[in-house]
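User: Could you take a close look at one part of this model for me, and then follow its connections outward? I'd like the packing explained in plain words.

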Amino acid sequence: MRNTPLYRIPWTVSDAVITWIEPTKECNMRCSGCFSANNPGKHKPLRSVLSEIDAIRAGIKTDVIAIAGGDPLCYPHLTEVIRHIKESGFHPFLITNGALLSPASLASFKAAGLSGVCLHIDSLQNRDGWAGKDESELNGLRQHYVDMVRREGGLSCYLNMTVTKANLPHVGDVYAWARGNAPLVELMIFITFKTPEHITGEQRAAIAGSEVKTDEIAAAITARDRNFKLCAILRSAFSGAEKWSVAAVPCGHEDKFISPQFFGAAQELSRRWRGRYLGRLRKMRPWEAALAAILLIFRRGVAFSDIRALFGGVQAVLIVQPETIVWGQKPRFFM
Ligand code: SF4
């Protein structure tokens with residue numbers, strides 16, 4: 001899996017492709033691995049949220065502003081927030097469990113400027129009608145939401161799943177489902193379960209031993225797809241530990257994952273060309289793809305098979321290892 005050195009993503013806290021805001025602490029679910037203390041009715045005033053977006057525009061180089069929470073669909077002024085992000089020159093994304101999402105609300109968010117949704121669906125949520133179902137069965141629910149996004153059209157679609165020791169055996173099925181939904185599912189995110197600090201006593205004891213490591217998830221995927229190869233890592237700005245591990249495969253070409261050299265060259269080209277690192281690896285317009293191909297093909301280590309990603313887009317897989325951040329701690333790396 002790591003025969004060649006992986007590209008080290010050079011993003012910093014103030015120069016990354018994605019940042020996020022949390023307008024609400026309310027959520028309509030209670031996942032056992034949630035790091036946000038669920039607090040019904042605890043919404044930030046709209047003017048505070050809009051000021052946060054203005055502060056991001058003034059001080060952070062980014063491409064996407066993700067609206068998280070709690071669940072952002074619980075926030076009463078969500079449409080205004082989406083519109084302000086869009087008008088500020090960023091791509092607004094929703095990170096949501098999707099339970100409150102309907103075709104009509106999705107259409108209205110898109111009309112306000114929404115660029116995409118990241119749907120959090122897994123067996124730790126005990127959803128109405130889906131309690132006790134395993135991850136493979138939950139692929140039916142994932143398909144329901146992905147079809148909703150497909151019907152609306154023009155939106156990016158990401159999925160995320162928290163992985164514990166219990167659902168690790170189903171990672172291969174979820175991976176295969178995501179691969180079967182390329183190119184619509186642009187990104188499949190597996191997040192390793194981490195015991196939240198605020199959980200104590202019997203509750204903490206009940207989930208002891210649930211944590212998994214990035215390598216276990218990568219091994220589960222490789223057992224399903226022997227072509228699977230990571231190409232890049234992002235280290236934590238706080239501890240220096242590997243936080244994100246990235247793999248990407250050109251859509252329509254299942255056999256060859258992109259190389260670390262191509263991933264790195266594309267990041268650096270984007271930074272020079274657009275002033276921002278590359279976050280969304282979408283299909284390019286033909287003239288853009290042709291120009292990028294000319295600029296990248298002669299880079300050391302870039303293979304012809306990598307270039308296919310420019311013309312058809314890629315589907316990416318991200319494994320996230322969360323860490324504990326002490327409030328007030330300053331980033332030590334990349335600054
Ligand atoms: S859906 Fe998200 S915000 Fe809501 S409880 Fe689960 S992890 Fe937390």
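Analyst: Let's start with a cut-off: a residue counts as exposed if 12 or fewer other C-beta atoms lie within 10 Å of its own, and as buried if there are 20 or more. Pro45 has 10 C-beta neighbours inside 10 Å, so Pro45 counts as exposed. Keep in mind that this is a predicted model.

Pro45 is a handy way into the part I'd pick, helix 1 and its partner helix 2. You'll find Pro45 in the loop between strand 2 (18-21) and helix 1. Across from there, His77 is 32 residues away in sequence, yet the C-alpha atoms of Pro45 and His77 are 8.9 Å apart in space.

Now the pair itself. Helix 1 covers residues 46-59 and helix 2 covers residues 78-87; their axes come within 10 Å and cross at roughly 20°. Angles under 35 degrees count as roughly parallel, and helix 1 and helix 2 are therefore roughly parallel to each other. Their crossing is right-handed. On the helix 1 side, the residues that make the contact are Leu46, Val49, Leu50 and Ile53, and they meet Glu80, Val81, His84 and Ile85 in helix 2. By class, this contact of helix 1 with helix 2 has six nonpolar residues, one polar and one charged.

What does helix 2 pack against besides helix 1? Helix 3 (residues 103-112) is a partner too, at an angle of about 30° to helix 2 and with the two axes 8 Å apart. Here helix 2 uses Thr79, Ile82, Arg83 and Lys86, which meet Ser108, Phe109 and Ala112 in helix 3. The mix in the contact of helix 2 with helix 3 is three nonpolar, two polar and two charged residues.

The loops on either side of helix 2 deserve a stop as well. Leading in, Gly70 lies in the loop between strand 3 (64-67) and helix 2. The peptide bond from Gly69 to Gly70 is cis, with omega near 25°. Most peptide bonds are trans, so I'd give that spot a look on your screen. Leading out, Phe90 sits in the loop between helix 2 and strand 4 (91-96). Phe90 has 22 C-beta neighbours inside 10 Å, so Phe90 counts as buried. Leaving out residues up to four places away in sequence, Phe90 touches Thr62, Asp63, Val64, Ile65 and Ile85. You've met Ile85 already, as one of the helix 2 residues that face helix 1. Lys61 is 29 residues from Phe90 in sequence, with 10.0 Å between their C-alpha atoms.

A step further out is strand 5 (residues 116-120), home of Leu119. With 23 C-beta neighbours inside 10 Å, Leu119 counts as buried. Its contacts, apart from neighbours within four places in sequence, are Thr96, Gly98, Tyr145 and Leu159. Gly98 is 21 residues from Leu119 along the chain, and their C-alpha atoms are separated by 6.2 Å.

Then there's the ligand. Which residues are closest to the ligand? Those are Cys27, Met29, Cys31, Cys34 and Asn97, out of 13 residues that surround it. The shell around the ligand divides into four nonpolar, seven polar and two charged residues.

For contrast with the first pair, turn to helix 4 (residues 135-152) and helix 5 (residues 171-180), which pack at about 25° with their axes 8 Å apart. That angle makes helix 4 roughly parallel to helix 5, and the crossing of helix 4 and helix 5 is right-handed. Glu135, Ser136, Asn139 and Arg142 in helix 4 meet Asp173, Val174 and Trp177 in helix 5. The contact of helix 4 with helix 5 has two nonpolar, two polar and three charged residues. Between helix 5 and strand 7 (185-192) runs the loop that holds Pro183, and a cis peptide bond, with omega about 5°, joins Ala182 and Pro183.

One more proline to set beside Pro45: Pro250, in strand 9 (residues 242-250). Pro250 is buried, because 25 other C-beta atoms lie within 10 Å, whereas Pro45 is exposed. Pro250 and Val314 are 64 residues apart in sequence but 4.3 Å apart in space, C-alpha to C-alpha. Val314 is also among the residues that Pro250 touches, along with Ile258, Arg308, Ala309 and Gly312, not counting residues up to four places away in sequence.

Definitions and conventions. Residues are numbered from 1 along each chain as its sequence is written. This is a predicted model: local features need pLDDT of at least 70, side-chain atom pairs count only at pLDDT 80 or more; totals for chains, interfaces and linings use all residues. Axes are lines fitted to C-alpha atoms, for helices over the stretch in contact, and angles run from 0 to 180 degrees between N-to-C directions. Helices (H or I, at least four residues) and strands (E, at least two) are DSSP runs, numbered from the N terminus. Angles under 35 degrees count as roughly parallel, over 145 as roughly antiparallel, 65 to 115 as roughly perpendicular and the rest as oblique. A crossing is left-handed if the near helix is turned anticlockwise from the far one by less than a right angle, and right-handed if clockwise. Two residues are in contact if their C-beta atoms, placed from the backbone, lie within 7 Å. Ala, Val, Leu, Ile, Met, Phe, Trp, Tyr, Cys and Pro count as nonpolar, Asp, Glu, Lys and Arg as charged, and the others, Gly among them, as polar. A residue is near a molecule or strand if its C-beta atom, placed from the backbone, lies within 6 Å of it.
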